[in-house]
Amino acid sequence: MNPQIQAFFDDATWTVSYVVYDQPGGHCALVDSVLDYDPKSGRTRTQSAERLIEFVQAHGLTVEWILETHAHADHLSAAHYLRNKLGGRIAIGAAITQVQDVFKAVFHLEPEFRTDGRQFDHLLQDNEVFRIGKLEAKAIAVPGHTPACMAYQVGDAVFVGDTLFMPDIGTARCDFPGGDAHQLYQSVRKLLSLPPDTRLYMCHDYPPAGRAAAWQTTVSNQRAHNIHVHDGVSEDAFVALRTRRDATLEMPTLILPSVQVNIRAGAMPPIEDNGVAYLKIPINAL
């Protein structure tokens, strides 16, 4: 059974969130949700999340899973908020513990913050099969952008996270802590070994001038046209290209607030004794 899919594009962060469901009145998963955040004021809003809530309620869906493809560095996750509103279980790849280890040190987080993934309801293993109502889904480990990147295959569709972008944009960067261009190449080849007509859904799009935002393509289109990893590009050539390109990239605007929230499954840091929660900005650390 193939899924029904509704995409929601957040033009502030170029992020695409998805509701993946079996049928109206059935069950669904939410993939890569967005919590709106204003870095100038430190204020959050839930406008993007409310769009998902409205769709779920309008179609009579029961949320089974709130899935993260990885601990995003470019937007805050609304997973915690959505679970409180709709239920469901927040899940991410089991290697999130490696990411938590690194960033607990970077942000010098409170001693009570555990790096065993307990902030999430479920840690998915590579090739683990789970269900979304009548749909069968499978987690596919795709490390390289981060150690914990996970793609989700549901019927003929795969939600690839940041591993791949649209063919005219290429692939994810690999210069974050734990990133590895060799691993990313192998992860991409794993995805591109799927049947040619497999639908691939991106987590982001950064369209060039003259092209509208897009987020769906196919394995065959990526193999033919991806500017970084089309068929015929060797691993060494890809690693050299990716390394050169990554050296020119600035840090994402929201990396500092995003990562320390997203390793908590979208929850904010503990409220302090004055009733306020604080995000940390490490100086000269990244």
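In this predicted model, the largest pocket has a volume of about 850 Å³. Its lining is made up of 40 residues, and those nearest the pocket centre are Ala-12, Thr-13, Trp-14, Asp-74 and Tyr-206. Five elements give two or more residues to the lining of the largest pocket: the strands β1 (4–10), β4 (36–38) and β5 (43–45), and the helices α1 (47–58) and α6 (235–246).

The second largest pocket has a volume of about 180 Å³. It is lined by His-108, Leu-109 and Glu-110, together with Gln-260, Arg-264, Pro-269, Pro-270, Glu-272, Tyr-278 and Lys-280.

The linings of the two pockets divide by residue class as follows.

| Pocket | Nonpolar | Polar | Charged |
|---|---|---|---|
| Largest pocket | 18 residues | eight residues | 14 residues |
| Second largest pocket | four residues | two residues | four residues |

Strand β1, which contributes to the lining of the largest pocket, also belongs to an open sheet of six strands. The strand order in this sheet is β1-β2-β3-β6-β7-β8, and the pairing is mixed. At the edges are β1 and β8 (122–124), each of which pairs on one side only. From one strand to the next, the twist averages 25°.

Within the sheet, β2 (residues 15–21) and β3 (residues 27–31) run antiparallel and are joined by four bridges. Val-19 has Leu-30 in β3 as its bridge partner. Helix α2 (residues 79–86) packs on the sheet and touches β3, β6 (62–67) and β7 (89–93). The direction of α2 makes about 165° with that of β6.

Key. Residues are numbered from 1 along each chain as its sequence is written. This is a predicted model: local features need pLDDT of at least 70, side-chain atom pairs count only at pLDDT 80 or more; totals for chains, interfaces and linings use all residues. Side-chain values use heavy atoms; hydrogens and water are left out. On a 1 Å grid over the protein atoms alone, a cavity is a set of points where a 1.4 Å probe fits but cannot get out, and a pocket is an open set with protein on both sides within 12 Å along at least five of seven lines; lining residues have an atom within 4 Å of a point. Grid points are joined across faces, edges and corners, and a volume is the space filled by probe spheres set on the points. Ala, Val, Leu, Ile, Met, Phe, Trp, Tyr, Cys and Pro count as nonpolar, Asp, Glu, Lys and Arg as charged, and the others, Gly among them, as polar. Two strands pair if DSSP finds at least two bridges between them. Axes are lines fitted to C-alpha atoms, for helices over the stretch in contact, and angles run from 0 to 180 degrees between N-to-C directions. Contact means heavy atoms within 4.5 Å.
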